[in-house]
Amino acid sequence: PAPLLDIRSLAISFDTSNGTVDAVQDANLSVLPGETVAIVGESGSGKSTTALAAIGLLPGNGRVSGGQIIFDGEDITHASTRRIVELRGNSIGMVPQDPMSNLNPVWKIGFQVRETLKANGRPSSDEDVARVLSQAGLPDAASRARQYPHEFSGGMRQRALIAIGLSCSPRLLIADEPTSALDVTVQRQILDHLASLTQEMGTAVLLITHDLGLAAERAQRVVVMYKGRVVESGPALEILTNPRHPYTKRLVESAPSLASKRIDIAKERGLDAPELLAADGGAAPDAGSPDTAPGIIEVRNLTKVFKLRSGLGRHTDFTAVDDVSFSVERGT
Ligand code: ATP
Ligand code: MG
């Protein structure tokens, strides 16, 4: 099939008081209809800049200085504001990075959803607002709609932003670090929910993350950015098992995401997922009794296997953590 989003040799520059910053250079990436593609890379590598350009939301001092952005066969690189607004209302949704600065603190959540629905020419009654919010997995949506962002937990704010991003039933959703500020349990719930929603709607997803493990778990294809360039792209499994570029190799080998996964797992243990470890093989950590072992997390022979989507409907196992044992005591 023809790509839904096709970014070709994209270059983006920012004008700053210190001269021109070439934030993105010669970037190529495409997203097929219904597909999830992840952009991975360290902070400052150009992920958000690429995504913002694709939806015509570059900051005022930024511009596309080369290449093309093709959406559904249409060259939108230099599309008019009117056309871009139209696309944002019908075809491309966005979950922006940093929920706090993208939700207006002085407006109730419901009002913000309603404004988006109105701007997109959609029905926007109280019921419509509640339906959109509850679709994104927000409990008690009708009463929650009457609250302000600061009354929401981080996870609920993120769900509200997902609701707003999906409210135009887009063909493409760009989700910029949609869960990076959340603990791993909530992260998983939200990404699971997002995946089933977008699958149901047939929405393609461009998922931005700095976490290679998460990218490989959630996307069919992964695009690795480094210092403003796409240094590698391919099927998720191939990137993990056979990285070619030195930066990707470092990502996989030093595996910051996988190391942090261990901590996450410990956190999960500290919370409430004992069956998770048992289910993954290895002994479930000794739950002990709170009286005899206060604050101790113990992980024994943990093996964590992810199911990777390696193609349409196909799954392959990837062992992210193999036979790990450690313990953490409160205060250490
Ligand atoms: P993070 O993981 O921290 O979100 P990122 O990969 O999304 O990072 P970008 O925000 O796309 O990175 O930034 C890419 C480069 O562009 C960085 O060097 C950044 O400093 C620069 N940049 C981004 N926005 C602007 C701006 N408005 N003016 C000048 N430079 C900018
Ligand atoms: Mg970013």
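**Close-up views of the predicted model**

**View 1. Helix 4 packs its buried residues against helix 5 (126-135), helix 6 (141-144) and helix 7.** Contact here is counted between residues whose C-beta atoms, placed from the backbone, lie within 7 Å. Helices (H or I, at least four residues) and strands (E, at least two) are DSSP runs, numbered from the N terminus. The model you are looking at is predicted, with local features needing pLDDT of at least 70, side-chain atom pairs pLDDT 80 or more, and totals for chains, interfaces and linings using all residues. Residues are numbered from 1 along each chain as written, while chains are lettered from A and ligands numbered from 1 in written order. Helix 4 itself covers residues 109-119, and its buried residues are Ile 109, Gly 110, Gln 112, Val 113, Arg 114, Thr 116 and Leu 117. (Buried means 20 or more other C-beta atoms within 10 Å of a residue's own, exposed means 12 or fewer, and partly exposed is in between; C-beta atoms are placed from the backbone.) Just past helix 4, look for Gly 121, where phi is positive, near 65 degrees.

**View 2. Pull back for a moment, and the protein shows 13 helices and 12 strands.** Count up its 332 residues and 41% of them come out as buried. Take the contacts between residues at least 6 apart in sequence: 63% of these join residues at least 24 apart. The remaining views go back to the details.

**View 3. Six strands line up as an open sheet in the order 6-7-8-3-9-10.** The pairing in this sheet is mixed (two strands pair if DSSP finds at least two bridges between them). Strand 6 and strand 10 (229-235) sit at the edges with a single partner strand each, so one side of each has no neighbour in the sheet. From one strand to the next, the twist averages 15 degrees (axes are lines fitted to C-alpha atoms, for helices over the stretch in contact, and angles run from 0 to 180 degrees between N-to-C directions). Further along the order, strand 3 (residues 36-40) and strand 9 (residues 221-226) run parallel and share four bridges. To find that pairing, start at Ile 39, whose bridge partner in strand 9 is Val 223.

**View 4. Strand 7 is mostly covered, with five of its five residues buried.** Leu 172, Ile 174 and Asp 176 are buried on one side, and Leu 173 and Ala 175 are buried on the other, so to speak the two covered faces of strand 7. What about the strands on either side? Strand 6 (residues 92-95) pairs with strand 7 in the parallel sense over four bridges, and Val 95 is the residue standing opposite Ala 175. Strand 8 (residues 204-209) is also parallel to strand 7, joined to it by five bridges. There, Leu 172 has Ala 204 as its bridge partner.

**View 5. A second view of strands: four of them make an open sheet in the order 2-1-4-5.** The pairing in this sheet is antiparallel. Strand 2 and strand 5 take the edges, each with a single partner strand, so one side of each lacks a neighbour in the sheet. Strand 1 and strand 2 run antiparallel and are joined by nine bridges. One spot to zoom in on is Asp 15, which has Thr 20 as its bridge partner in strand 2. Lying across strand 1, strand 2 and strand 4 is helix 1, which runs at about 110 degrees to strand 1.

**View 6. Ligand 1 has 17 residues around it.** A residue counts as near the ligand if its C-beta atom, placed from the backbone, lies within 6 Å of it. Phe 14, Ala 23, Ser 43, Ser 48 and Thr 49 are the closest. Strand 1 (5-16), strand 2 (19-31) and helix 1 (47-54) are the elements that each give two or more residues to this shell. Which element gives the largest share? That would be helix 1, with three residues.

**View 7. Two loop residues, Asp 72 and Ser 169, have a positive phi without being glycine.** Asp 72 has a phi of about 50 degrees and belongs to the loop between strand 4 (62-71) and strand 5 (74-75). With 16 other C-beta atoms within 10 Å, Asp 72 is partly exposed. Ser 169 has a phi near 45 degrees, and its loop connects helix 7 (154-166) with strand 7 (172-176). Ser 169 is partly exposed too, with 13 other C-beta atoms within 10 Å.

Technical notes
Two residues are in contact if their C-beta atoms, placed from the backbone, lie within 7 Å.
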